[in-house]
Amino acid sequence: MNAPLALIDVRGWVGERGGLLLWGPLDLVLHPAEVVHVQGPNGCGKTTLLRMLAGLREPALGGPGRLCDDFWWLGHAGALAEELDALLNLRLLLGVAGVPGLAPRALADCLAARGVPPDRAARLLSAGQRRKLALAPLALVPRPLWLLDEPFDGLDRAACAALAALAADHVARGGAIVLTSHQPLPSGFPEAKNLLLSAPNHPEQLSIKEHA
Amino acid sequence: MSVPLLRAVFLREWAKAARQPADLLRHALFFVLVSSLFPLALKPDARALALLAPGVLWVGALLAVLLASASMFQDDLRSGWIDQWLLASRATGVPLALLVAARLLAQWLLTALPVLLAAPLVALQYGLAPGALAVLMVSLALGTAVLVLVAGVAAALAGGLRQAALLVLLIVLPLAAPIVIFGAQAVHAAMRGQPAGADLALLGALLAVLALVCPPLAAQGLKAAVEA
C-alpha cells in the first residue's frame, strides 16, 4: 500500500440512536484531498455518523478505527452564545479550539467581509449570518479535515459559492471533507464521493461482524 | 496549549455576565428578599432573631446559589458548546475535568460572590455581631463553593433531560445537609463567643475533597449527555 496515510479509516461501524439501528455495517476510508458527501433521508443517521467521526459518539458496533484529531467541526447549532457579539463568539470558538490569539482587528475584518456585523449579538443575527460566523474558523486556520453538518443551511447563493471556492482551495492543498447536505453541492465545490446511508437489511449479520 | 482553552471557557461566562449584570443581581436580590421575610414574619424579638439568623441566612444563600446553578450546562449542551469542550480536550490532551473546573470556578464567582457581598446587609437585620458576621462570610464562602461543585455534577448528569433544574434541586438539597449543618453550627458558635474553627475546618476539608472529586464526575456526566 503506497497510498497516502488515511485520515479516517473505520471498519464495520454501525450507527444507533436511542435504541434504533440506523445504518451499517459501514466501512469508510478517507484520504487527504478526498470529499465524501453523506446522503440519505431525514432521520437516517447522517448527523450520527458525523458525530462519530468527530469522536463525540461511540459506534454501536465496530472498532475504534483511525480517526483524525485535527479537524474543524461544524454542528447544527454552531456553539454560539446568544448574548455575545459575533466577534467575541468567533474569538471564543477559536480559543476553545486551541488557536492562539489572532488579532481581534483581523477577525472583525474577516467577519465584516463575509457580511456578518462583528459587534451584533448572535441572537440578532439571521440564520445565514450565524452559519457564516460558525464557518469563519475554516478560512482562518487550515486544518486537514473538515466535518460539516449541513453547511449550506441558510446560506445565500453568494455565500454558497464562497464556501465552495474555499473548499476547493482546501482540497487542492490536500485537505479532506466529510459533509452532509440535502441540497446538491454548488458548482465549484470539489468533486465528492456519495455515501448513501441505508438501514441494515440483515440484522443477524451484525452479530457475525461483531465476532469477526 | 491549555491556557487559551481554559480562558475561552472562563471568558465566555464572564462576558455573558458582564453583558447582563442584572442576572447577577437577581440571585443576590433573591437571597436578600428571602432572608428579609423572616424578620417580618416573626415576632420582633431580638433573641428569636439571633436564634434563627444562622439557619435562615444559610438556607437563603443556599437556595439562591442552587437556583442559579441548577441548569448551568443546559444551554451549553443544546448550543453545542460542550461538544467543543470535548473536541478540544481530545485534540489538545487537556482533561475535560479541567475545563469543567474552570467553568465551575466561573460559576462560583458569578453566582456565589454577589450573594456573599449581600450577606452583611442581611446580617444587619438580624443584629449579627462583627465576629459572627466574619464567621458567616467564611462559612458561606466555603459552603457555596462546595454547593457549586455538587450542583455541577448534578447539572451535568441531568444535562440531557428536560426540566433538569428541578431534578438538580432534588438531587443536591439532601446532599447539602452537612454543609448547612456545619455552616450554621459555625455561626452559632461564633455568636456564643465560642471558637468556630472546627466547623470551618470541616467545611474546608469537604471543599478540598470535592474540588478533586466533582470535576471528573461532572466531566463523565457531560460526556454521557453529549452522547445521548
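Is Glu150(A) buried, exposed or partly exposed, and how many other C-beta atoms lie within 10 Å? Glu150(A) is partly exposed, because 19 other C-beta atoms lie within 10 Å and a buried residue needs 20 or more. Please keep in mind as you read that this is a predicted model.

**Around strand E5 of chain A**

Glu150(A) sits in the loop between E5 and H5 of chain A. Its phi is positive, at about 50 degrees, although Glu150(A) is not a glycine.

Step back into strand E5 (residues 145–149) of chain A and the surroundings change. E5(A) is mostly covered, with five of its five residues buried. Leu145(A), Leu147(A) and Asp149(A) point one way from the strand, while Trp146(A) and Leu148(A) point the other way.

E5(A) has a parallel partner in strand E4 (residues 71–74) of chain A, and four bridges link the pair. Here Trp72(A) stands opposite Trp146(A). E5(A) also pairs in the parallel sense with strand E6 (residues 176–180) of chain A, over five bridges. In E6(A), Trp146(A) has Ile177(A) as its bridge partner. The route from E5(A) to E6(A) includes helix H5 (residues 157–172) of chain A, and these three elements make a right-handed β-α-β unit.

**The hairpin and the loop after it**

Now to another part of chain A. Strand E1 (residues 8–17) of chain A runs antiparallel to E2(A), and seven bridges join them. In this pair, Trp13(A) stands opposite Leu26(A) in E2(A). The hairpin of E1(A) and E2(A) has two residues between the strands, and Gly18(A) takes a positive phi near 55 degrees there.

The next residue to look at is Ala33(A), in the loop between strand E2 (20–30) and strand E3 (35–39) of chain A. Ala33(A) has a positive phi too, near 70 degrees, and is a residue other than glycine. With 17 other C-beta atoms within 10 Å, Ala33(A) is partly exposed.

For easy lookup, here are the positive phi values discussed above.

| Residue | Phi |
|---|---|
| Gly18(A) | near 55 degrees |
| Ala33(A) | near 70 degrees |
| Glu150(A) | about 50 degrees |

**Two domains in chain A**

The domain assignment splits chain A into domain 1 (1–70 + 144–161 + 176–212) and domain 2 (74–143). Their C-alpha centres lie 26 Å apart. Domain 1 of chain A gives 14 residues to the contact and domain 2 of chain A gives ten residues.

Which strand supplies the largest share of the side of domain 1 of chain A that touches domain 2 of chain A? The answer is E5(A), with five residues. This is the strand whose five residues are buried. On that side of domain 1, the residues divide into eight nonpolar, one polar and five charged.

**Leu80 and its neighbours**

Leu80(A) lies in the loop between E4 and H2 of chain A. Is Leu80(A) buried or exposed? Leu80(A) is buried, since 22 other C-beta atoms lie within 10 Å and the cut-off is 20 or more. Leaving out residues up to four places away in sequence, Leu80(A) touches Asn89(A), Ala122(A), Arg130(A), Leu133(A), Ala134(A) and Ser79(B). Ser79(B) in that list belongs to chain B. Leu80(A) and Ala134(A) are 54 residues apart along the chain, and their C-alpha atoms are separated by 7.9 Å.

**Where chain A meets chain B**

The contact between the chains takes 24 residues from chain A and 27 residues from chain B. On the chain A side, helix H2 (residues 86–96) of chain A contributes the largest share, four residues. The chain A residues that touch chain B divide into 13 nonpolar, six polar and five charged.

**The helical partner, chain B**

Chain B has ten helices and zero strands. Its radius of gyration is 18 Å, close to the 17 Å that the globule rule gives for 228 residues, so chain B is as compact as a globular protein of that length. Along its principal axes, the C-alpha trace of chain B spans about 60 × 35 × 30 Å.

Buried residues account for 48% of the 228 residues in chain B. Of the contacts in chain B with a separation of 6 or more, 80% are between residues 24 or more positions apart.

How values were computed. Residues numbered from 1 in each chain as written. Chains lettered and ligands numbered in written order. Predicted model: local features only at pLDDT ≥ 70, side-chain atom pairs only at ≥ 80, totals over all residues. Domains from an automatic or database assignment. Contact = placed C-beta atoms within 7 Å. Nonpolar A, V, L, I, M, F, W, Y, C, P; charged D, E, K, R; others polar. Rg over C-alpha atoms; globule rule 2.2 N^0.38 Å. Buried ≥ 20, exposed ≤ 12 C-beta atoms within 10 Å, placed from the backbone. Pairing = 2+ DSSP bridges. Right-handed = clockwise from strand over helix to strand, strands pointing away.
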